[in-house]
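Grab the model and work through these short exercises. Try each task before you read its solution.

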Amino acid sequence: MNILVTGGAGYIGSHVVLELLQAGHEVVVIDDLSTGQRELVDDDARLVIGDIGDFELISSLLEDGEVDAVIHFAGSIVVPESVAHPLKYYFNNTAKTRTLLEACVGADIRYFVFSSTAAVYGEPKAIPVAESAPTTPVNPYGRSKLMIEQMLRDVAFAHDFHFAALRYFNVAGADPLGRTGQSTPNATHLIKVATQAALGVRSELAIFGTDYPTPDGTCIRDFIHVSDLADVHVRALNYLVDGGQSRALNCGYGRGFSVRQVADAVRRVSGQDFPVSDAPRRAGDPPEIVADPTRLERLFEWTPKHADLDEIVSTALAWEKSWQARSKDA
Ligand code: UD1
């Protein structure tokens, strides 16, 4: 198939591009390189530098490239930033996706895979959280993505359009073959920050909040390896093409680790005893979020391959080392 990947120069997008090429698809990436990196896009994909909010550009890519499916990553993803700058999130995520969808409907695109988020659940009453749980996001980021899910449902009702909204939990780790990884400048992800502290790129890891109602007082997250997540995208695409009904799907493993447990894992795997400090809570952080992945496992007969926390950390660490070395050489 011919597939347009928005945000394909980013962290998760670049891993998915590798999986799509491996599965024999033709891939066009559109990315404005605001946070993505040109060198993360595999040479076998075509990279177009542009904005998903540019209706004319997207329409021409869809029509001229005879695109069959769109996988949509492009957007803003940092929870505290969304609290400080909500309109950026409603513009980059919600408004631009509306334009993208208009172009898709105009070009008769039938299959659409969307990178949604566990942030749509807010602070779930029951853990693990299933797709049927109420969607009550606690930050503008989650709301901006939930609005997209709502648009997708309406578009799928009105048109011959089928979607999978993949609700990512905390994505971490890097391609085990070292081809791509988390390279966003000033990234805020816990595991990224902790590996940088272990390598001395940052002076310490600050733990945001140590008085949460959790066993060790720090937030709990369900960390999913980015390569397992990339594989889920290819399965989602196949599912839709085979006539599967439009759905939201949790992407996580169903087990959580606290921020302190992650810090310990990074110390253990790296062998570096970097400084960890206690800091105030960060705005918009839910105390605990862990997936119930039953729907994903049943629908796709999915078994994760990289669920071990130490493997997640060691691939992240290996990538960080090679990325730092590359950045020094540049
Ligand atoms: C992440 C995703 C978000 C997704 C959500 C689902 C990113 C940037 N965001 O948000 O898209 O919807 O998971 O659960 O990946 N922490 C520290 N110190 C640090 C960094 C983080 O203590 O230096 C803590 C945070 O306060 C939080 C936890 O670690 O409790 C995870 O934070 P982070 O990696 O930023 O991800 P989320 O905010 O959970």
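**Exercise 1: polar contacts of the ligand**

Find polar contacts of the ligand, meaning pairs of N or O atoms within 3.5 Å. Start at Asp285: a polar side-chain atom of this residue sits 2.6 Å from a ligand oxygen atom. Next, go to the backbone: a polar atom of Ala206 is 2.7 Å from a ligand nitrogen atom, and one of Phe208 is 2.9 Å from a ligand oxygen atom. Finally, check the cover: alone, the ligand exposes 730 Å², and the protein buries 93% of that (Shrake-Rupley areas, 1.4 Å probe).

A quick note on the ground rules: this is a predicted model, where local features need pLDDT of at least 70 and side-chain atom pairs pLDDT 80 or more, while totals for chains, interfaces and linings use all residues. Residues are numbered from 1 along each chain, and side-chain values use heavy atoms, without hydrogens or water.

**Exercise 2: the shell**

Which element gives the most to the shell around the ligand? Take residues with a heavy atom within 4 Å of the ligand. β8 comes out on top, with 4 residues. Then look at the domains: domain 1 (2–169 + 224–251) and domain 2 (190–221 + 254–329) both contribute, so the ligand lies between them; the bounds come from an automatic or database assignment.

**Exercise 3: strand β2**

Is β2 largely enclosed or open? Count buried residues (under 20% relative accessible area, 1.4 Å probe, protein chains only). In β2 (residues 26–31), 5 of the 6 qualify, so the strand is largely enclosed by the rest of the structure. Now find its partner: β1 (residues 2–6) pairs with β2 in parallel over 5 bridges (DSSP pairing needs at least two).

Conventions
Polar contact = N/O pair within 3.5 Å; in protein donor to acceptor, adjacent residues only side chain to side chain. Buried < 20%, exposed > 50% of the residue type's maximum accessible area, 1.4 Å probe, protein only.
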